[in-house]
Amino acid sequence: GKEKARARPGTMASKYGWGGVGPSVVADSDDDSSGTTGTAATTPSPSPFTVKTHAVSDSTSKETPSWATPIAAAKQPKQSQEPSTSDGKGKGKASAASSDAATPEAAAAASAGGKLPSQEGIRVRMDDLARREQAVRQREDHVKELEGRLKEGGIEVKPKNWPRCKPILYHDIQAEVPTPLQPLCKAGYVLWMLSISAYLFNFIAVTIMFFMGTGTLACWFFAALATVIGIFCSWWTVYSNLYRAVQTVGGTWAYGKYMIHQAIFVVWTVWVVIAPPIGTSSCFVAGVFVMIDQFSGGGTKGATGGILGIINIAIWGLVSFLAIYVLLWAFRIWRRGGGLEELQQQQRQMSNNVSTAAKLFGAN
């Protein structure tokens, strides 16, 4: 029979999802001329994008559009093509999403906005993390190489390990101080920590007295100043000098600096315990005279200030006693040659043990 070709708009959109772009030709049989039903032959028309691509490839004067350019074909996996809209902009949007996914930042943003599949976003992020880990490893290897070169040149790089919360310097008694002198160094370290507690409690006591009205603003200000200066000076001038002195073999200059600063610190502790009434701001330390003045005021406030003074006197008295003891201990060690005798005795005993063992094994 004779067949007629009739165009049906919308057939291609329902079957191929192209939004009805381009005509569709369907061959239907003529019921009048033939009694048999004709077979429907659907021939899809070429997509407008395909026509445009051929037109661009034939013309050498026009540039290739951005959506037709392959983006990171070697790196990006092939994605499933999503249906385009009726105005032909779906393919351009898909290509733009692929180009944005080329960088980790764009991939993360696209994944957060729902423009990129979750698996693709995870893959891009994992690649970025792998690159960062590799960069960190390279930096660590470079630092280790530099440290090795410094050690070969006789320069030892010591890692910062003190304080543990935020290391700012290297401090290791077990590694840097000879064994016979480690007890002295540890006693000096305990003295420094106890002095910090004493400074802080004195400041708290003066602050309470100030807010109760039994102290002045000048006393509170000088107490705060003494706390800050005292904590740093007790480390840098007293304990640090002891730490360096015990590393030497009875060095006169090292031990001399320590003993001078320690003697000044002992005088300061005695001053804090007594707290003589000299000047208008003498109450910045809660000593004996300040305690008496607080109790003489009477009432609850006076009793509270007096009790705080007693506790402060006890703490600073303990600090003064321990400071005198450590000072005398360091003086005795310096007189004996900085612990050299104990070290020589240990070396002689070790050599005797080695020689005895050698004779026994040699005899056998």
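Thr-269 sits in helix α9. The model is a predicted one. Within it, Thr-269 is buried, because its relative accessible area is 0%, below the 20% limit for that class. Which residues does Thr-269 touch, leaving aside its neighbours within four places in sequence? The contacts are Trp-316, Val-319 and Ser-320.

**The second largest pocket**

Helix α9, residues 252-274, also helps to line a pocket. It is one of the elements that give two or more residues to the lining of the second largest pocket. The other is α8, residues 217-245. Which element gives the most to this lining? That is α8, with seven residues.

The space in the second largest pocket comes to about 230 Å³. Its lining includes Tyr-199, Ala-226, Ile-229, Gly-230, Cys-233 and Ser-234. Thr-237, Val-238, His-261, Ile-264, Phe-265 and Trp-268 also belong to the lining. How do these residues divide by type? Eight are nonpolar and four are polar. None is charged.

**Aromatic pairs**

Aromatic rings pair up elsewhere in the model. The structure holds 17 aromatic pairs. Two of them are set out below.

| Pair | Distance between ring centres | Angle between planes | Class |
|---|---|---|---|
| Trp-235 and Trp-236 | 6.4 Å | 90 degrees | edge-to-face |
| Tyr-325 and Trp-329 | 5.8 Å | 55 degrees | tilted |

Why do the two pairs fall in these classes? The planes of Trp-235 and Trp-236 stand at 90 degrees, and an angle over 60 counts as edge-to-face. The planes of Tyr-325 and Trp-329 stand at 55 degrees. That value is neither under 30 nor over 60, so the pair counts as tilted.

Are Trp-235 and Trp-236 buried or exposed? Trp-235 is buried, at 7% relative accessibility. Trp-236 is partly exposed, with a relative accessible area of 49%. Partly exposed covers the range between the 20% and 50% limits, so 49% falls inside it.

Tyr-325 and Trp-329 lie in helix α11, residues 299-335. They are four residues apart, so about one helical turn separates them. Tyr-325 is partly exposed, with a relative accessible area of 43%.

**One aromatic cluster**

Trp-235 and Trp-236 also belong to a wider group. Which residues form this aromatic cluster? Trp-162, Tyr-189, Trp-192, Trp-235, Trp-236, Tyr-239 and Tyr-243 make it up. Within this cluster, Trp-235 is a buried member, and Trp-236 is a partly exposed one.

Terms used. Residues numbered from 1 in each chain as written. Predicted model: local features only at pLDDT ≥ 70, side-chain atom pairs only at ≥ 80, totals over all residues. Heavy atoms only, no water. Phe/Tyr/Trp six-rings, centres within 6.5 Å; stacked < 30°, edge-to-face > 60°. Buried < 20%, exposed > 50% of the residue type's maximum accessible area, 1.4 Å probe, protein only. 1 Å grid on protein atoms, 1.4 Å probe; cavity = no way out; pocket = protein on both sides within 12 Å on 5 of 7 lines; lining within 4 Å. Points joined across faces, edges and corners; volume = space filled by probe spheres on them. Nonpolar A, V, L, I, M, F, W, Y, C, P; charged D, E, K, R; others polar. Contact = heavy atoms within 4.5 Å.
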